[in-house]
Structure formats: structure tokens, C-alpha cells
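Biologist: Please take one part of this model and look at it closely. I would like to follow how one helix meets another, and then see what lies around that place.

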Amino acid sequence: MKTTSQFPHARPRRNRKADWARRLVRETELSVNDLILPLIVHDQGGGPQSIASMPNVLRHSLIGAIEQAKMAADIGIPMIAIFPHISEGKKDAVGSEALNPNGLIPNIIKQIKAKVPNIGVMCDVALDPYTNHGHDGVIDEVGYMLNDDTLNILVKQALLQAEAGADVIAPSDMCDGRIGAIRRELEANGHCNTQIMAYAAKYASAFYGPYRDAIGSKGALKGDKKTYQMDPQNTNEALIEVALDIDEGADMLLVKPGMPYLDILATIKREFGRPTFAFQVSGEYAMLEAAILNGWLDGTRVRMEALQCFKRAGADGIISYWAMEAAKELTRPK
Ligand code: PBG
């Protein structure tokens, strides 16, 4: 970029002199259409449950989740993403409950699709909410996650979700070949319009800590996820993952975590030009929300700025625990 003249000809502040002028030259803009609301749902009966490390985020009952989906649709949020908190008694080594056609997730998908027709429903494909060891798939005796054995289960989990009516399947497991395997299974069973949002660049991050609290997999997790999720110090590896996922049939890409990985998001958007989303994960939420609750940060401004930065970096949309708050702010009459 070449600048042609110097001060006083060039006074960049001229374009910032008033609100109307700033609006006129604004390069990117966050809208309610960019927001995806994550909903954590539990199978324990009764009302909503609080999550210690995620203040103001609740685990919802079935009825609560339907109400949330309705509110999200009414304010214009295009999609929700559902995550299950499964009772300990239903967990086992291979995550069998993930394949229960009458389980929590298929049930919630059906109810929301029936009662809230104008919102997209996205579902995670991974076994960590269902396994008693907290890993995303099947592990061997030394705790290594077995790729192809896991794939065999994930394709069934994805098909079950599609059959229940899920609009977008979001594999978050980082197994090799999963997008292709799931795409083939969906096509073979007539679900040619079910989209896949691939967690293409998913890092082995400590920022997921509060989420594991939220879905109840924290205490159980043995070891870490570094043999399947990526090293936070790598960029080229993310590009390889994205290229493979596109080849295998991904419709949309997801980068995760969000704010510490904006460089990865920007690079992927620039290199591939595909619909690319960011997941502002639980740890990002927890650290900012804690500071907001302490009065150290201005909540409204910080939430909006954090989300706007994703747009500037090139995101087409953002999964955010603040989606409702942001949607209210964005639709508030000025
Ligand atoms: C499961 C999954 C995780 C998240 C979304 N899906 C956790 C993990 O991979 O350990 C994290 C979401 C968040 O931190 O908000 N595979």
C-alpha cells in the first residue's frame, strides 16, 4: 500500500471526525446474521443448571433449549449449535449413548426443528460428551485415540443427527478422513443437502477448560488431546487440514479457538476463500466475563469489540456464548 502525500495533506483523522464519517468509511460490520448461539443441554430433568467456570451461561433442559432457540430465531440469529451434557451413568469407553436414536441430542433436534422452523440447527460430531475417559473417540490401552475405529462410530453419529433433522453436521474430533467418511454416509442415505462445517483448524488448547466443565467431561479426561488436535505453534499444518477437509466435501470451515488464533483465521480466509467461521471458545468467554463481572472491563464494549475483530479478520460468522447479548445490542434502536 502506497501513501501519496504527507501531513498536512494527509490527515487520517479527517475520516474519523464524526460518527457519520466513521460509519461511511467502515470496512467491516458485525451483524446479527453472523452469530451462532451455542446451547448446552442436559438430560437430568428439572430446570437450568449453572456452570461454575462460565458465569451467566446455563445448561438447559429440553424445554429451556426450545425456548432459547425460539428467542434466538425471533431476534434473527441464523443458527444454534447444540452440545450435550450426558449423565455419568450413560457414559462408557466407546460412547455408546452417542448412537442412541432416542438420546438427548436426536430428541432435541427433532423438537427444535418441529417448534422453531426458522433457525438452523448445528450439532457437534465427537464422542467426548459420551465417553467415560473424555476423549473424542475410542482409545487403546495406552490412551491413544484410534482413528479408523473412531470414524466408524462418528459416521453413525452424524447420520443419526441428520436423520433427526440437523441442518449442519460439525465434526470436532480432528480424526483423519472424517469429513469424507461422513459426506459419503450422508450422500448414501439421501442427506445430500445436510451441510458439513468442519472444525478444520482445531488446536489442542487450554482455552476449552470451562467447556469440559460445562459438558461434564473435565474430571474424566485422561491425558490431553495432542495426538489429534493441533499444536498451537503451527500454521502450515492448519492449511493442510483445511485443504483436506475441502477436498473431502466440507461446506464450511471452522477455526478454534477464536481470539488467540485470528492470524490463522485470516490466513485460511485469504488462501481458500471459503465460508470460514470462528469459535470464540469457553475460555475466552470465561476470562473476559470474569473481568467484566469484576468491573475491570466494560462488558458491552468488550463483547462487541471481541466479536467485531473476528469480522475484521475475515470470519463469515462466529460461534459465541454472547450471541444473544450481541444480537440484542445489534438490534437495539439507536
Ligand atoms: C468436543 C468439543 C470441544 C469444544 C467443542 N467441541 C472441546 C474439546 O475438544 O476438548 C470446545 C468448546 C468451547 O471451549 O467452548 N470435541
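Modeller: What follows starts with one pair of helices and then moves outward to other helices and the cores. The model is a predicted one.

The part chosen is the pair made by helix α9, residues 282–293, and helix α10, residues 299–313. Their axes come within 9 Å and cross at roughly 155°. Because an angle over 145 degrees counts as roughly antiparallel, α9 is roughly antiparallel to α10. The crossing of the two is right-handed.

Which residues of α9 and α10 make the contact? From α9 come E284, L288, E289 and I292, and from α10 come G299, V302, R303, A306 and F310. Sorted by kind, the residues of this contact are five nonpolar, one polar and three charged.

Two of these residues can be followed further. I292 belongs to helix α9, and R303 belongs to helix α10. Along the chain they are 11 residues apart, and their C-alpha atoms are separated by 9.4 Å. Is I292 buried or exposed? With a relative accessible area of 13%, I292 is buried, because buried means under 20%. R303 has a relative accessible area of 17%, so R303 is buried as well.

Setting aside residues up to four places away in sequence, I292 touches L297, G299, V302, R303 and W322. With the same kind of neighbour left out, R303 touches E289, I292, W322 and E325. W322 therefore appears in the list for I292 and in the list for R303.

The pair also leads to a core. L288 and V302, both in the contact between α9 and α10, are included in a nonpolar core of 30 residues, along with A170 and L254. That core is a second one, separate from the largest nonpolar core. In soluble globular proteins, nonpolar side chains tend to be buried together.

The largest nonpolar core has 77 residues, and I77, I80, I82 and I112 touch the most other members. Helix α4 gives the most to this core, with seven residues. I80 can serve as an example: leaving aside neighbours within four places in sequence, I80 is in contact with I36, L37, L39, A69, A72, I112, I119, G120, V121 and M122.

A second pair of helices can be set beside the starting pair. The axes of α7 and helix α8, residues 262–272, are 11 Å apart, and the two helices pack at an angle of about 45°. That angle makes α7 oblique to α8. The crossing of α7 with α8 is right-handed. On the α7 side the contact is made by A238, L239, V242, A243 and I246, and on the α8 side by I264, T267, I268, E271 and F272. These residues divide into eight nonpolar, one polar and one charged.

Helix α7 also has a part in the surroundings of helix α5, which covers residues 178–188. In α5, R178, I179, G180, A181, I182, R183 and L186 are buried. The buried residues of α5 pack against α7 (236–248) and α4 (147–164), and also against the strands β5 (120–125), β6 (168–171) and β7 (195–202). After α5 comes G190, whose phi is positive, near 85°.

Definitions and conventions:
Residues are numbered from 1 along each chain as its sequence is written. This is a predicted model: local features need pLDDT of at least 70, side-chain atom pairs count only at pLDDT 80 or more; totals for chains, interfaces and linings use all residues. Side-chain values use heavy atoms; hydrogens and water are left out. Axes are lines fitted to C-alpha atoms, for helices over the stretch in contact, and angles run from 0 to 180 degrees between N-to-C directions. Helices (H or I, at least four residues) and strands (E, at least two) are DSSP runs, numbered from the N terminus. Angles under 35 degrees count as roughly parallel, over 145 as roughly antiparallel, 65 to 115 as roughly perpendicular and the rest as oblique. A crossing is left-handed if the near helix is turned anticlockwise from the far one by less than a right angle, and right-handed if clockwise. Contact means heavy atoms within 4.5 Å. Ala, Val, Leu, Ile, Met, Phe, Trp, Tyr, Cys and Pro count as nonpolar, Asp, Glu, Lys and Arg as charged, and the others, Gly among them, as polar. Buried means under 20% relative accessible area, exposed over 50%, partly exposed in between (1.4 Å probe, protein chains only). A nonpolar core is a set of buried Ala, Val, Leu, Ile, Met, Phe, Trp, Tyr and Cys residues joined through side-chain atoms within 4.5 Å.
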